Structures are given as C-alpha cells and as structure tokens.
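Here is a quick walk through one chain, from the overall layout down to single residues. Keep the model open as you read.

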Amino acid sequence: GQAHFKTMLQRIGLPKEDILHVAQSLYHDIVPAKALGIANVWVNRRDGKIGVGVDIQPDLEVPDLQTLVSKIEESA
C-alpha cells in the first residue's frame, strides 16, 4: 500500500519530486510509488520470464543495479 510511502515522505521531508524509488517488486513498490507521483525504477531481474502479474509501466526498467549506475553516469 501507500501508507509506508506517505510515512517515508513525511520523515524524509523532501518533496516527492526529489525522490527516486528503485525496487524489484512491481506490486509492492512501483505501483504505489507511481500512484503517489514518485519517480521510479524497476529492477527487473525476471527479464524474459512470465508471471510478473502487474500491468504497469515503470518510469525506467533495468535488469540490475549496475545498469542503473551506468545510465546515471551516462546522463551526468
């Protein structure tokens, strides 16, 4: 659900526009982050496998964290 995301936003004290949520679970992480307008990256370690079970488009999809680091370095 969104409750822990709302608590996180209150505790961190930053606007949601300054937060990037990176996670592996579409259902537990990407869905609520996206619903709250928090930028998100899905670490899709299941690439090529069936059974993801959630129909949502993350802001960015990567197969692993090293790929995310590379993309960040490329854009810097």
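Two strands are taken to pair if DSSP finds at least two bridges between them. With that in mind, Val41 stands opposite Leu60 in E3. One caveat before going on: this is a predicted model.

## The overall layout

Let's start with the parts list. The chain has three helices and three strands, and from the N terminus on they come in the order α-β-α-β-β-α. The C-alpha atoms fill a box of roughly 35 × 35 × 15 Å along the principal axes.

How much of the chain is buried? Of its 76 residues, 26% count as buried. As for contacts with a separation of 6 or more, 28% of them join residues 24 or more positions apart.

## The sheet

The three strands form an open sheet in the order E1-E2-E3, with parallel pairing. Strands E1 (20–23) and E3 (60–62) stand at the edges with a single partner strand each, so one side of each has no neighbour in the sheet. From one strand to the next, the twist averages 20°.

Now for the pairings themselves. E1 and E2 are joined in the parallel sense over four bridges; here His21 stands opposite Asn40, and Val22 stands opposite Val41. On the other flank, E2 (residues 39–43) pairs with E3, again in the parallel sense, over three bridges. Val41 turns up here too, opposite Leu60, while Val43 has Val62 as its bridge partner in E3.

Why is E2 described as largely enclosed by the rest of the structure? Four of its five residues are buried, so the label follows from that count. E1 has a two-faced pattern instead: His21 and Ala23 point to one face and are buried, whereas Leu20 and Val22 point to the other and are not.

## Helix H2 and what covers it

H2 (residues 26–35) lies across E1 and E2, running at about 160° to E2. Together, E1, H2 and E2 make a right-handed β-α-β unit.

Both ends of this helix are worth a look. At the N-terminal end, Ser25 acts as the cap, with a side-chain oxygen 2.9 Å from the backbone nitrogen of His28. After the helix comes Gly37, whose phi is positive, near 80°.

Which residues of H2 are buried? They are Leu26, Asp29, Ile30, Pro32 and Ala33. An α-helix has 3.6 residues a turn, so residues three or four places apart point the same way. The cover over the buried residues of H2 includes helix H1 (3–12), E1 and E2.

## The nonpolar core

Ala33 leads us straight into the largest nonpolar core, where it is joined by Phe5, Leu9, Ile19, Leu36 and Ile38, six residues in all. Leaving aside residues up to four places away in sequence, Ala33 touches Phe5, His21, Ile38 and Asn40. Two of these names are familiar from the sheet, where His21 and Asn40 stand opposite each other.

## Helix H3

The other helix to place against the sheet is H3 (residues 65–75). H3 lies across E1, E2 and E3, and its direction makes an angle of about 125° with E3.

## Two contrasting residues

Is Asn44 buried or exposed? This residue is found in the loop between E2 and E3. Buried means under 20% relative accessible area, and Asn44 has 6%, so it counts as buried. Its side chain makes a polar contact of 2.7 Å with the side chain of Glu61. Not counting residues up to four places away in sequence, Asn44 touches Glu61, Val62 and Pro63.

Ala3, in helix H1, makes a good counterpoint. The cut-off for exposed is over 50%, and Ala3 has a relative accessible area of 56%, so it counts as exposed. How far is Ala3 from Val41? The two are 38 residues apart in sequence, and their C-alpha atoms are 19 Å apart in space.

Notes:
Residues numbered from 1 in each chain as written. Predicted model: local features only at pLDDT ≥ 70, side-chain atom pairs only at ≥ 80, totals over all residues. Heavy atoms only, no water. Axes fitted to C-alpha atoms, helices over the stretch in contact; angles between N-to-C directions. Contact = heavy atoms within 4.5 Å. Core = buried A, V, L, I, M, F, W, Y, C linked by side-chain atoms within 4.5 Å. Buried < 20%, exposed > 50% of the residue type's maximum accessible area, 1.4 Å probe, protein only. Polar contact = N/O pair within 3.5 Å; in protein donor to acceptor, adjacent residues only side chain to side chain. Right-handed = clockwise from strand over helix to strand, strands pointing away.
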